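Got the model loaded and a selection box ready? Let's walk through it one pick at a time, starting inside a sheet and finishing at a serine.

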Amino acid sequence: MTAQPYVFVDFGAVRIQSYLSRTPELRGRRAASDALARATSPEAVGRRIGTLAKINEDAGDADGVVSLVFAPAEGEDPEVRVRQLQDRVFAHLRKALPGAEFQSAWGTGASYLSAYAREIKPRFDAGEVRYDLPPTAEFPLARPCELCHTDPAIGEEPITGETKLLCPDCSMRNVARRSSAADDRSPEGQLRSSLPVTHTAPEDFTALARLSGPAKGGNHLATVFIDGNALGQFFTALASDSSVSARAKARVSRAVSDATREALTTATLLLPLTDRLDQVCVVPHVVGGDDVLVSVPADQAWHFVLGFLDEFGALVRNGVAEVLGDERPVPTITASAGVVFAHASHPFNLVVESAGRRLKEAKNAVRGQAASVQWLDITADGTEAPRHQPLLLSDLRRNGKPTEAAAALSRLAGVPASHRSTLAEAMRQGDWVTAATIAQRVGRHMDAVRPFLPPLDRPAGSPDGTPGDGPPTGIGLGTALGLARWWPCA
């Protein structure tokens, strides 16, 4: 008699980035991240489900995600037990995170990878899931929460030196910073425990931005949103590959999750500020699977992004290769990033939404085939979509080392900011010839500008019909000037 397949039940927070960013202060986001990590930990979920199922260890480790597995008895209708599990887990998550939205889907298969690829993911994509939403306000005239302005307030609490009316979710977030950032289960606590540094991250966004120092203004942050490229396609192909053992398939998700967390640690250690200040200079909001959402001082962003993308590609390739061995060739697995630079006081929820759009632009540009990054500087360029195209990681780093273009950007970043601003204004008018003239005659910075200009004797698109050549770095001056605003000097 053929054994019944396993039943896998997945739970996930919906629009988790938006949920975490609904309060304006870093303390509230830290508390929400910590509460999410606590509530979805194997220990907490295990106590709620009892003997109905087990934690699915093959699903990897991701904030806001719960995966369960059970083997149905002969003749049992698995959907009945699935409903019981959903009732228990939803009730547990709702109590811990009053304002969050959750969804759940399930599937059957010999392994989690096959069940996810063939049933669970299609159900999530099609919306064929069970939702659990926050309760609606029973009294429409109730005063709104004075912190998030989203849900009705339920009572007054002291916060930041004054008394405010808070909703249940903001009340949950109103805890001492040390009880969330230092928890080893939270994204920030896990990062802190992996670093050989003495000091924790700053108390708030203003203090985090100040780490960049007065030379860069000391008041800007970068929000970085990272996601793996085409991993869904990779897992789907792997699930249907009969040449790969079920045990190997089960370990692949864990290898990707481990690579994400290790890349975060390595990228943080690579920041010049981490070493100079002996301090955590990265505040992670979401970490898990192949997703990362962090805040860093603006002038550390490019160090972090390039370091993470480079390290993730190497780690995930080696990790998956170690799992699969000789069973299957390992494809190139990469990640892309969306980066938004903004003043520390800019509404965080808007910055997160913009970073998500930049990430989508970066991924669409390469169709999942290479590591890429798209960025927006709100202070310099406004909130609309950037006019420049995303860049490939290989444009700026190859084999773990800076490219000629990266070195040229460092030289350009050394040009005084006032001169770069004048050049940028000329480029906004579409006049690179004027920009080149200014660089030569006014600032004597032609050597720093030339790598981003087409050959002066054969300009691109010249009237004589010759195709011309682009800049030797492959990056135009307008784009380069935008990059240089937060690019580290050589």
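Start by selecting phenylalanine 341 and aspartate 377: aspartate 377, in β12, is the bridge partner of phenylalanine 341. Next to that, pick valine 340, whose bridge partner in β12 is leucine 376.

Before going on, some housekeeping. This is a predicted model, where local features need pLDDT of at least 70 and side-chain atom pairs count only at pLDDT 80 or more, while totals for chains, interfaces and linings use all residues. Residues are numbered from 1 along each chain as its sequence is written, and side-chain values use heavy atoms, with hydrogens and water left out.

**The sheet**

Now select 335-343, which is strand β11. Helices (H or I, at least four residues) and strands (E, at least two) are DSSP runs, numbered from the N terminus. Of the 9 residues in β11, 8 are buried; buried means under 20% relative accessible area, exposed over 50%, and partly exposed in between (1.4 Å probe, protein chains only).

Add β12 (residues 372-377): β11 and β12 pair in the parallel sense over 6 bridges. Two strands pair if DSSP finds at least two bridges between them. Then add β8 (220-228), which pairs with β11 over 9 bridges in the antiparallel sense. Within that pairing, valine 224 stands opposite valine 339 in β11.

What order do the strands of the open sheet take? There are 6 strands, running β9-β10-β8-β11-β12-β13, and the pairing is mixed. Colour β9 (283-288) and β13 (391-392) to mark the edges, as each of these pairs on one side only.

Bring in helix α14 (residues 348-366) for a feature to rotate: β11, α14 and β12 make a left-handed β-α-β unit. As a reference for handedness, a crossover is right-handed if, with the strands pointing away from the viewer, the path from the first strand over the helix to the second runs clockwise.

**The core**

Select Phe304 and Phe308, the residues with the most contacts inside the largest nonpolar core, which has 131 residues. Helix α13 (residues 301-324) gives the largest share of this core, 13 residues. Here a nonpolar core is a set of buried Ala, Val, Leu, Ile, Met, Phe, Trp, Tyr and Cys residues joined through side-chain atoms within 4.5 Å.

Show what surrounds phenylalanine 304, skipping residues up to four places away in sequence: it touches Val224, Ile226, Leu264, Ala267, Thr268, Leu271, Val282, Val294 and Val296. Contact means heavy atoms within 4.5 Å. Val224 in that list is the valine opposite valine 339 in β11.

**A hairpin with a charged pair**

Jump to β7 (residues 162-166), joined to β6 by 5 bridges, with the two running antiparallel. β6 and β7 form a hairpin with 2 residues between them, and threonine 160 in the turn has a positive phi of about 45°. Glutamate 162 in β7 is the bridge partner of isoleucine 159.

Keep glutamate 162 selected and add lysine 164: their side chains meet in a salt bridge at 3.9 Å, N to O. The rule is a side-chain nitrogen of Lys or Arg within 4 Å of a carboxyl oxygen of Asp or Glu. Is lysine 164 buried or exposed? It counts as buried because its relative accessible area is 16%, while glutamate 162, at 42%, is partly exposed.

**Two long-range bridges**

The salt-bridge count comes to 14. Go to arginine 30 and glutamate 188, whose closest N and O atoms are 2.7 Å apart. This pair links helix α2 to helix α8 (residues 187-193), 158 residues apart. Arginine 30 is buried at 4% relative accessibility, and glutamate 188 is buried at 7%.

Then pick aspartate 151 and arginine 22, a salt bridge with its closest N and O atoms 2.9 Å apart. Aspartate 151 is in the loop between β5 (130-132) and β6 (155-159), and arginine 22 in the loop between α1 (16-20) and α2 (26-39), 129 residues apart. Aspartate 151 is partly exposed at 22%; arginine 22 is buried at 15%.

**Last stop**

Select serine 212, in the loop between α9 (205-210) and β8. At 8% relative accessibility, serine 212 counts as buried. Its side chain reaches the backbone oxygen of alanine 209 at 2.8 Å. Leaving aside neighbours within four places in sequence, serine 212 is in contact with Gly218, Asn219, Leu273, Pro297 and Asp299.

Notes: Polar contact = N/O pair within 3.5 Å; in protein donor to acceptor, adjacent residues only side chain to side chain.
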